[in-house]
Structures are given as C-alpha cells and as structure tokens.
Amino acid sequence: MSILSDALEHHPETQPFWSALGEGRFLLKHCRACGRAHWYPRAICPFCTSADTEWREASGDGTIYSYSIMRKAKEPYAIAYVTLAEGPTMMTNIVDSDLEAIRIGGSVRIAIGKRDEDLLPLFRLA
Ligand SMILES: [Zn+2]
C-alpha cells in the first residue's frame, strides 16, 4: 500500500470505487442530503453525517492546490494536493508531465495508473 491509498484500503465500503477504477472510471461519493461530494469515500457524509450517500462518476478535472517534487528519488516525482472540480481536495501524484511545469492553480486531468503496484487515481497536467 502506498501513502496515497492508505485512506482507501480495500474493504466492502470502497469496493465499488476499486471496481470502477479498474474499468478506468473515477468515482466520488456524493451526499444526497447536503449535496456535497467528499473524498476519501465514506458511507457517512463527513459534512452532515447523513448516510444518504451515492457513487457518481467524477469529471476527472482538477487544479493543483499544493505540490512537492521529490528530487532525491532515483526518478524524481511529484506529490500534490489536487482540488477536484466537484470540490474535494485529495493527495495524489502528478505523472506523465514535465515536473518543472507544475504550478499551484494549474489544471490537471485524471490519469488512472499504477504506483507501488496499486492502481490509483493519479493526475497529469492538462
Ligand atoms: Zn452531507
């Protein structure tokens, strides 16, 4: 498990998320009571504690809230907090991109891919 997937662990509550990810679809949990999306996926809405939540496919669009480039790694890589178009902010990696072109506020797009053997919702510069 990578640090990116710790909060997601594979258990029954998140199984629909993993199944969809394997099919190339990125799902978010939305709350029907307060109308907000949250990350990571939970059965109970973290904003209003309603259990009336549902899975919806996310747009896959986001912007970089903050980032850090790991330059000492054998192959430098970027960790970022990305704010999704639907509202939630998530920790992820920026992949398949020029690391020097990463900017706070920059647009990114979902790029589902593997990291440390786990298929994860990663992002690339849009
Ligand atoms: Zn809610």
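In this predicted model, H30 sits in strand β1. Its relative accessible area is 10%, so H30 counts as buried, the cut-off being under 20%. The side chain of H30 makes a polar contact of 3.3 Å with the side chain of R56. Setting aside residues up to four places away in sequence, H30 also touches R36, A37, D52, T53, E54 and E86, with R56 again on the list.

Right after H30 comes the zinc site. The zinc ion is held by four cysteine sulfurs, the SG atoms of C31, C34, C45 and C48, at 2.3 Å. Along the chain these donors follow the pattern C-x2-C-x10-C-x2-C. The angles that the four donor atoms subtend around the zinc ion run from 104 to 117 degrees, and the arrangement is therefore tetrahedral. Burial has been worked out for three of these cysteines, among them C31, which is buried at 1% relative accessibility. C45 is buried as well, with a relative accessible area of 1%. C48, on the other hand, comes out at 31% and is partly exposed. As for disulfides, the count is zero.

Two residues in the loop between β2 and β3 have backbone features worth a look. Y40 belongs to this loop, which runs between β2 (37–38) and β3 (53–57), and the peptide bond joining W39 and Y40 is cis, with omega at about 0 degrees. T49 is also placed in the loop between β2 and β3. Its phi is near 65 degrees, a positive value in a residue other than glycine. With a relative accessible area of 62%, T49 is exposed.

A similar backbone feature turns up in the loop between β6 and β7, where D96 is placed. Phi of D96 is near 50 degrees, again positive in a residue that is not glycine. D96 is exposed, at 71% relative accessibility. L99 lies in the loop between β6 and β7 too, but L99 is buried, with a relative accessible area of 17%. Leaving out neighbours within four places in sequence, the contacts of L99 are I69, P76, Y77, A78 and I94. L99 and P46 are 53 residues apart in sequence, and their C-alpha atoms are 33 Å apart in space.

Turning to the interior, nonpolar side chains in soluble globular proteins tend to be buried together. Here the largest nonpolar core has 26 residues, and F26, I94 and F123 have the most contacts inside it. Five elements each supply at least two residues of this core: helix α1 (15–22) and strands β4 (61–70), β5 (77–84), β6 (89–94) and β7 (107–110). The largest share, four residues, comes from β5. I94, one of the residues with the most contacts inside the core, is also in contact with L99.

F26 shows what such a residue has around it. Not counting neighbours within four places in sequence, F26 contacts F17, W39, A58, L84, M90, I110, I112, P121 and F123, plus the charged residues R56 and E57. Several of these names have come up already: R56 is the polar partner of H30, W39 is on one side of the cis peptide bond, and F123 is, like F26, among the residues with the most contacts inside the core.

P121 comes up a second time through T92. T92 is found in strand β6 and is buried, with a relative accessible area of 0%. The side chain of T92 reaches the backbone oxygen of P121 at 2.8 Å. P121 is thus linked to two residues described here, being a polar partner of T92 and a contact of F26.

The last residue to mention is E23, in the loop between α1 and β1 (27–31). E23 is exposed, with a relative accessible area of 56%. E23 and L119 are separated by 96 residues in sequence, yet their C-alpha atoms are 11 Å apart in space.

Note on methods:
Residues are numbered from 1 along each chain as its sequence is written. This is a predicted model: local features need pLDDT of at least 70, side-chain atom pairs count only at pLDDT 80 or more; totals for chains, interfaces and linings use all residues. Side-chain values use heavy atoms; hydrogens and water are left out. Donors are N, O and S atoms within 2.8 Å of the metal (3.2 Å for Na, K and Ca); water is not among the atoms, so sites may look incomplete. Four donors count as tetrahedral if all angles lie between 85 and 135 degrees; four count as square planar and six as octahedral if opposite donors are over 155 degrees apart and all others between 65 and 115; anything else is irregular. Buried means under 20% relative accessible area, exposed over 50%, partly exposed in between (1.4 Å probe, protein chains only). A nonpolar core is a set of buried Ala, Val, Leu, Ile, Met, Phe, Trp, Tyr and Cys residues joined through side-chain atoms within 4.5 Å. Contact means heavy atoms within 4.5 Å. A polar contact is a pair of N or O atoms within 3.5 Å; within protein, one must be able to donate a hydrogen and the other to accept it, and residues adjacent in sequence count only if both atoms are side-chain atoms. A disulfide is a pair of cysteine sulfur atoms within 2.5 Å.
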